[in-house]
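Biologist: I should like a close look at a single part of this model. Please take one binding site and describe its surroundings in a connected account.

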Amino acid sequence: MAQQGNLIVLSGPSGTGKGTICKALLRSNPNLQYSISATTRSPRKGEQHGVNYWFFSKERFQEMIENDELLEWAEVYGNYYGTPWTYVAEILEKGQDIVLEIDTQGALKVKDKFPQGIFIFIVPPSLDELADRLWKRGTDSPEVIHTRLQCVREELKMAPNYHYLVINDRVSDAVNKIAAIILAEKCRMERNAQIIDNISSRGTVE
Ligand code: ADP
Ligand code: 5GP
């Protein structure tokens with residue numbers, strides 16, 4: 001039986017660069033899969049159902065909650081977001097790693113269920129840079145940008161709940177750091193105790 005994969009959670013204020021980092025990580029790591037969240041938010045220009053998110057009505061989202069289809073869910077910036085459970089379970093069972101790009105409320109719920117997960121908090125180099133990134137991204141209205149910026153200080157207070165902190169100054173540096181964290185976590189003794197047993201039980205020593 002394959003060793004269970006690792007569940008990796010990435011959080012951080014809106015505009016920090018989580019999506020950008022995730023894309024680069026997925027490109028360079030074929031063993032890593034992306035958990036496509038369900039949301040009641042409207043698609044942004046260029047976003048596709050089943051690629052960026054599963055875009056659902058509030059009624060359908062409510063149904064998913066009632067049917068216990070979500071590993072976690074939360075209301076974030078006025079919309080509902082949640083992680084469909086079946087896909088995550090399948091990937092972990094296959095021995096592949098999966099990354100969840102979710103908010104801090106959802107991350108705490110996942111940590112209760114998966115304390116062995118790898119929890120990484122991503123921050124921008126400064127609040128000014130964060131605002132600049134949100135404006136330049138050009139995907140949200142001024143009202144939405146203001147709402148998101150108003151939440152930043154509260155979100156930053158949640159950082160100590162995570163195992164790792166990564167500053168997204170240069171994308172390639174942040175991606176390399178996260179790849180290094182994942183690699184180091186894979187070598188942790190508690191994830192590999194079985195290897196020692198396997199080595200001991202094979203071959204002879206004179
Ligand atoms: P999030 O997923 O955290 O909301 P995005 O990945 O959408 O953030 O990034 C927000 C904007 O900032 C995008 O326009 C992206 O191209 C840009 N961006 C991401 N990382 C950096 C970086 N290190 N330096 C400059 N711009 C960045
Ligand atoms: P956006 O609307 O910018 O795509 O995402 C807004 C926020 O929702 C981000 O903080 C993002 O991490 C979070 N988010 C996305 N998917 C999920 C999810 O499945 N669960 C939770 N709890 N948060 C999510």
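How do the residues of the shell around ligand 1 divide into nonpolar, polar and charged?

Modeller: The model is a predicted one. The shell around ligand 1 comprises two nonpolar, seven polar and six charged residues. Altogether 15 residues surround this ligand, and those that come nearest are Gly15, Lys18, Thr20, Arg137 and Asp169. Two helices contribute to the shell: helix 1, spanning 18-28, and helix 5, spanning 127-137, each supply at least two of its residues.

Specific polar atom pairs can be named as well. At glycine 15, a backbone N or O atom lies 2.8 Å from an oxygen atom of ligand 1. Arginine 137 approaches through its side chain, where an N or O atom is 2.8 Å from an oxygen atom of ligand 1. Glycine 15 and arginine 137 are thus both among the residues listed as nearest to the ligand. In the side chain of asparagine 168, an N or O atom is 3.0 Å from a nitrogen atom of ligand 1. Taken alone, the ligand exposes 560 Å², of which the protein buries 73%.

As to location, ligand 1 sits in the largest pocket. Ligand 2 also sits in the largest pocket. Around ligand 2 there are 17 residues, with Ser37, Arg41, Tyr53, Tyr81 and Arg148 coming nearest. Its shell holds six nonpolar, four polar and seven charged residues, and strand 5 (70-76) and strand 6 (79-84) each supply at least two of the shell residues.

Notes
Residues are numbered from 1 along each chain as its sequence is written. Chains are lettered from A and ligands numbered from 1 in the order in which they are written. This is a predicted model: local features need pLDDT of at least 70, side-chain atom pairs count only at pLDDT 80 or more; totals for chains, interfaces and linings use all residues. Side-chain values use heavy atoms; hydrogens and water are left out. A residue is near a molecule or strand if one of its heavy atoms lies within 4 Å of it. On a 1 Å grid over the protein atoms alone, a cavity is a set of points where a 1.4 Å probe fits but cannot get out, and a pocket is an open set with protein on both sides within 12 Å along at least five of seven lines; lining residues have an atom within 4 Å of a point. A molecule sits in a cavity or pocket if more than half of its atoms lie within 2 Å of its grid points. Helices (H or I, at least four residues) and strands (E, at least two) are DSSP runs, numbered from the N terminus. Ala, Val, Leu, Ile, Met, Phe, Trp, Tyr, Cys and Pro count as nonpolar, Asp, Glu, Lys and Arg as charged, and the others, Gly among them, as polar. A polar contact is a pair of N or O atoms within 3.5 Å; within protein, one must be able to donate a hydrogen and the other to accept it, and residues adjacent in sequence count only if both atoms are side-chain atoms. Accessible areas come from the Shrake-Rupley method with a 1.4 Å probe; for residues, only the protein chains shown count as cover.
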